[in-house]
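Work through the exercises below with the model open. Try each task before you read its solution.

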Amino acid sequence: MQSSLLFSGLSDGVYRVAVPLLTLTLTRDPVVIGLVSASAWLPWLVVALPAGVLADRKAPLGIMRWSQAARLVLLFVLGAIAALGDLPVWLFALCVFLVSASGVVNDVSAQGLVPRIVAEPMLPKANGRVQVIQIGTQQLSGPALAGYCVLLGTAGAFGSMGLVYAVALVLIVLLPMRQEEVATAPADASVRPSSVFGDLKYGLAYFFRRRDLLTIACMAAVMNFAFISMMTILPLWVTEPGPLGASTEVYGGVVALGALGGLSSGVVVHRFVARYGERVVFRFCLFGVALSVLLLCITSVLAVIAALISYSAIVIFFNVANMTYRQRTVPLEVFSRVNAAYRWISWGVMPLSAAASGLITDAVGVRGLFLGTATALFAAGLLLQVPALNRIYRHGEVGEAARE
């Protein structure tokens, strides 16, 4: 499984950096750039919840195989269309949406697979290892390759990504299907309704009854809103003719270097969480992310690298803490639906952020966007110091919430 994650993550890393860079070859309008980026994240609003139901009803590994195959076909189709002639922006955005939708199905199923094959005491370590692989590929080696892939043009870039996804698909197909990977229905039929709509309704009801999960999802939503607004507009700030005047190859290297913070923290985060618990991470992460965004306001490539290193380190701590928390406290038979509801809120803001970032930048400029984002993060961090919200993270409430 780790080998498959490695190659899939590598192509994901190239894809996420190449899309905004390729968009710059079609337009320099920040509003259009924001809308194209929104199409890459829109599937989290429209696909995540059905994907969660599917992952609870079927074997997650099987779903991963089919979604990976669909993503592979779509990438080659996009490359072929680009090779035949000029690619209009609207068609580019549509293809980006479809590729991302396949990725959403794959990601939801992959997260549902982990608690089925890993014992609870090993979850922090397993999640940390997954994060290291994803950081090393999606944010380090992938972005480093993205700048060079863009030089091949749209057809060459997406063809290259398709080849890497093909390797990941082969590795997934070679994985043996195990009994633990199949969701098991509980004996009580009222807990597991037979209809798809009933499954979805039950999963959403369970999620919204859990104040702890809802609050953590809102925290993640704020952080993701900030991240997407930052990364959507960052190419305009870093690459020529922007203030920093760097090339696309340098931009890919900057993003890759920023992943070093996450890569290093991923090695030690499971020890920190095991010793201090998730509560410490949840309380202070928003302030750390706000400081990271403020560094972007400095007109320097080194400041951008420092901001990305700091941001990625903090986010890895948050990701491991909240993934472990959900996997420990959510029943297995409903986990994928609850996880999808969590991602629907926390990742569903991404298309809104991408679209809004273009409009905000057009009105107040890139530095104004960064300052506004940092202010919003500080405000959200202060809100979470309210005693009523702090009680959610009291030691011992985890067990009470899990028995609801």
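The exercises that follow concern a predicted model.

**Exercise 1. Aromatic pairs across the chain**

Task: Classify the ring pair of Trp-237 and Phe-370, then place both residues.

Solution:
- Step 1. Start with the count: the model has 9 aromatic pairs.
- Step 2. Take the pair of Trp-237 and Phe-370. The ring centres are 5.9 Å apart, and the planes meet at 85°.
- Step 3. Apply the cut-offs. Centres within 6.5 Å make a pair, and planes over 60 degrees apart count as edge-to-face. So Trp-237 and Phe-370 are an edge-to-face pair.
- Step 4. Place the residues. Trp-237 is in helix 10 (residues 211-238) and Phe-370 is in helix 16 (residues 349-383). They are 133 residues apart, so the pair links distant parts of the chain.
- Step 5. Check burial. Buried means under 20% relative accessible area. Trp-237 has 4% relative accessibility, so Trp-237 is buried. Phe-370 is buried too, at 1%.

**Exercise 2. A second pair**

Task: Which helices hold Phe-282 and Phe-318?

Solution:
- Step 1. Look at the geometry. The Phe-282 and Phe-318 rings are 5.9 Å apart centre to centre, with 75° between the planes, an edge-to-face pair.
- Step 2. Find the helices. Phe-282 lies in helix 13 (residues 278-295), and Phe-318 lies in helix 14 (residues 301-329). The pair therefore ties together parts 36 residues apart in sequence.
- Step 3. Check burial. Phe-282 is buried because its relative accessibility is 2%. Phe-318 is buried as well, at 2%.

**Exercise 3. Charges over rings**

Task: Which residue has its charged end over the ring of Trp-347?

Solution:
- Step 1. Locate the ring. Trp-347 belongs to a cluster with Trp-41 and Trp-44, linked by ring pairs.
- Step 2. Find the charge. The charged end of Arg-343 sits over the Trp-347 ring, 4.3 Å from its centre.
- Step 3. Add another case. Arg-326 lies over the face of Tyr-342, 3.8 Å from the ring centre.

**Exercise 4. Surface residues**

Task: Is Leu-94 buried, partly exposed or exposed? What about Asp-86?

Solution:
- Step 1. Place Leu-94: helix 6 (residues 89-117). Its relative accessibility is 41%, so Leu-94 counts as partly exposed.
- Step 2. Look at the surroundings. Trp-90, Leu-94 and Leu-98 make a nonpolar surface patch of about 320 Å².
- Step 3. Turn to Asp-86, in the loop between helix 5 (60-84) and helix 6. Asp-86 is exposed because its relative accessible area is 79%.
- Step 4. Compare sequence and space. Asp-86 and Thr-154 are 68 residues apart in sequence, with 10.0 Å from C-alpha to C-alpha.

Key. Residues numbered from 1 in each chain as written. Predicted model: local features only at pLDDT ≥ 70, side-chain atom pairs only at ≥ 80, totals over all residues. Heavy atoms only, no water. Patch = residues over 30% accessible without salt bridge, like charges linked within 9 Å, V, L, I, M, F, W, Y side chains within 5 Å. Areas by Shrake-Rupley, 256 points an atom, 1.4 Å probe, with all protein chains shown as cover. Salt bridge = Lys/Arg side-chain N within 4 Å of Asp/Glu carboxyl O. Helix = DSSP H or I, 4+ residues; strand = E, 2+ residues; numbered from the N terminus. Buried < 20%, exposed > 50% of the residue type's maximum accessible area, 1.4 Å probe, protein only. Phe/Tyr/Trp six-rings, centres within 6.5 Å; stacked < 30°, edge-to-face > 60°. Lys NZ or Arg CZ within 6 Å of the ring centre and 35° of its normal.
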